[in-house]
Number of protein chains: 2
Amino acid sequence: MAAPLTVDFVAGETGPWRITSVRAIAGDALAPAPCLQVGDPGAAGVWRLRGVVSNLRYTTKAEAADLAARQEGLGRKSATRAALIPIRKSPEWWALAQDERREIMEAQSRHIAIGRDYLPAIARRLHHARDLGEPFDFLTWFEFAPSDTPAFDAMLARLRATPEWRFVSREVDIRLERGA
Amino acid sequence: MAAPLTVDFVAGETGPWRITSVRAIAGDALAPAPCLQVGDPGAAGVWRLRGVVSNLRYTTKAEAADLAARQEGLGRKSATRAALIPIRKSPEWWALAQDERREIMEAQSRHIAIGRDYLPAIARRLHHARDLGEPFDFLTWFEFAPSDTPAFDAMLARLRATPEWRFVSREVDIRLERGA
């Protein structure tokens with residue numbers, strides 16, 4: 001694993017992804033914008049969010065190997081739909097110890113197992129943002145084919161019904177598409 | 001727990017802590033300088049290291065409660081000696097899953113238990129730096145009384161002899177003192 005990869009998500013007038021909706025799930029929304037660029041720290045924009053692709057924080061070796069065998073990467077030709085879901089968790093979440101957060105996230109909420117159910121259709125990349133002083137703690141980027149949109153929505157509905165989501169204080173659901 | 005606290009360590013001509021030694025334990029050293037300021041992002045200096053006081057990454061609830069009951073905070077009047085120990089770990093460490101890192105760190109190396117043996121004499125604060133794109137992954141700041149210097153050295157010797165330290169690719173041991 002190389003040094004952590006810093007990724008900027010810049011919403012503005014230009015970019016390969018067209019923003020089709022910005023919906024606040026919890027807390028404040030983000031401003032609407034026509035397009036999104038991913039990975040260009042120099043771009044100006046309506047808003048910019050930054051995160052870091054970092055080491056695993058909860059996933060075990062067995063889980064990681066299982067996921068790696070199933071998942072596919074970003075950038076598939078068929079994956080012309082995407083979602084960016086920035087999330088902030090409450091101070092109560094961050095005050096918990098490591099074993100308490102893992103217990104809520106997986107033993108109670110099956111977060112990793114739920115995501116696994118949608119592999120390889122729903123590709124994802126998690127970006128950590130809390131330690132950067134960003135307004136969100138996590139930025140998750142998803143890519144999938146148009147026909148997998150209902151499956152993606154079902155996955156989100158399952159996750160949002162978990163005990164873990166009681167600790168989500170802000171969540172914005174941004175949907176995007178690009179030409180095939 | 002409030003938002004993560006960002007802390008700058010600035011080595012230069014001024015500051016309340018006098019640098020008495022800078023010693024490379026693994027990899028390159030840092031440049032010598034007369035003084036260190038802690039927590040001033042605006043200060044110029046010979047070098048500056050930045051880290052974030054963030055959520056627990058390995059410590060369990062039981063361990064955290066035990067440590068909290070024993071430890072004392074920074075800034076004690078008697079604690080006129082300090083050490084700043086920046087550490088970088090290898091890519092092999094960061095490629096490990098959460099359970100593998102915890103296994104090496106505590107089950108094999110007793111990192112948390114060793115630190116506990118020196119409470120409350122050796123006060124400490126851990127700063128995470130890897131996700132900030134810094135040259136080190138961790139900056140640990142220690143404060144203790146002059147008479148506890150031998151105990152501090154013994155603690156470091158025990159930690160450096162552990163399996164966890166095989167993953168340390170760079171370590172600098174900076175010692176400091178201030179007037180009583």
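Which residue of chain A comes closest to the rotation axis? Select A:L132 to find out: its C-alpha sits 3.3 Å from that axis, closer than any other residue of chain A. Keep in mind as you click around that this is a predicted model.

**Stop 1: the two chains together**

Colour chain A and chain B differently and look at the pair. Turn chain A by 180°, with 0.0 Å of shift along the axis, and chain A lands on chain B with an RMSD of 0.0 Å. The two copies are thus related as by a two-fold rotation axis. Both copies use the same surface, too: 100% of the contact residues of chain A turn up again in chain B.

**Stop 2: where the chains touch**

Now select the contact residues. You should have 24 residues from chain A and 24 residues from chain B. How much area do the two chains bury between them? About 2,200 Å², and 49% of that is on carbon and sulfur atoms. If you wonder about that choice of number, the size of an interface is often given as the accessible area lost when the parts come together.

Next, go hunting for pairs across the contact. There are four salt bridges between chain A and chain B. For one of them, show the side chains of A:K61 and B:E100, where N and O are 3.7 Å apart. Polar contacts link eleven residue pairs between the chains, counting pairs with both residues at pLDDT 80 or more.

Which elements of chain A give two or more residues to this side? They are α2 (91-95) and α3 (98-108). The biggest giver is α3(A), with four residues. Taken as a whole, the side of chain A that touches chain B has eleven nonpolar, six polar and seven charged residues.

**Stop 3: helix α3 of chain A**

Stay with α3(A) and pick out its buried residues: A:Q98, A:E100, A:R101, A:I104, A:M105 and A:E106. Show what surrounds them, and you'll meet parts of both chains. From chain A, these residues pack against α1 (61-70), α2 and α4 (111-116). From chain B, their partners are α1 (61-70) and α3 (98-108). Then step just past the end of α3(A) to A:R110, which takes a positive phi of about 55°.

**Stop 4: salt bridges inside chain A**

A search over all chains finds 33 salt bridges in the whole structure. Let's visit a few.

Start in helix α1 of chain A with A:D66 and A:R70, whose closest N and O atoms are 3.1 Å apart in a salt bridge. The two residues are four apart in that helix, about one turn. An α-helix has 3.6 residues a turn, so residues three or four places apart point the same way. Is A:D66 buried or partly exposed? It is partly exposed, at 26% relative accessibility, and A:R70 is partly exposed at 37%.

Move on to A:R76 and A:E72, another salt bridge, with closest N and O atoms 3.0 Å apart. Here A:R76 counts as buried at 17%, while A:E72 is partly exposed at 41%.

Now select A:D173 and A:R160, whose side chains meet in a salt bridge of 3.1 Å, N to O. A:D173 is in strand β8 (residues 168-177) and A:R160 in helix α5 (residues 149-160), so this pair ties together parts that are 13 residues apart in sequence. A:D173 is buried, at 2% relative accessibility, whereas A:R160 is partly exposed at 23%. Add A:D153, A:E171 and A:R175 to your selection: together with A:D173 and A:R160 they form a network of salt bridges.

**Stop 5: a buried aspartate**

Head for strand β1 (residues 5-12) of chain A and select A:D8. This residue is buried, with a relative accessible area of 2%. Which side chain joins that of A:D8 in a polar contact of 3.0 Å? Show A:R50 and you have it. Setting aside neighbours within four places in sequence, A:D8 also has contacts that include A:Q37, A:V38, A:G39 and A:D40.

**Last stop: a loop in chain B**

Finally, jump to B:G27, in the loop between β2 (17-26) and β3 (35-38) of chain B. Leaving out neighbours within four places in sequence, B:G27 is in contact with B:S169 and B:R170. For one more distance, pick the C-alpha atoms of B:G27 and B:P163: they are 18 Å apart, and the residues are 136 apart along the chain.

Note on methods:
Residues numbered from 1 in each chain as written. Chains lettered and ligands numbered in written order. Predicted model: local features only at pLDDT ≥ 70, side-chain atom pairs only at ≥ 80, totals over all residues. Heavy atoms only, no water. Least-squares fit on C-alpha atoms with pLDDT ≥ 70 in both. Contact = heavy atoms within 4.5 Å. Buried area = accessible area lost by both parts, 1.4 Å probe. Polar contact = N/O pair within 3.5 Å; in protein donor to acceptor, adjacent residues only side chain to side chain. Nonpolar A, V, L, I, M, F, W, Y, C, P; charged D, E, K, R; others polar. Buried < 20%, exposed > 50% of the residue type's maximum accessible area, 1.4 Å probe, protein only.
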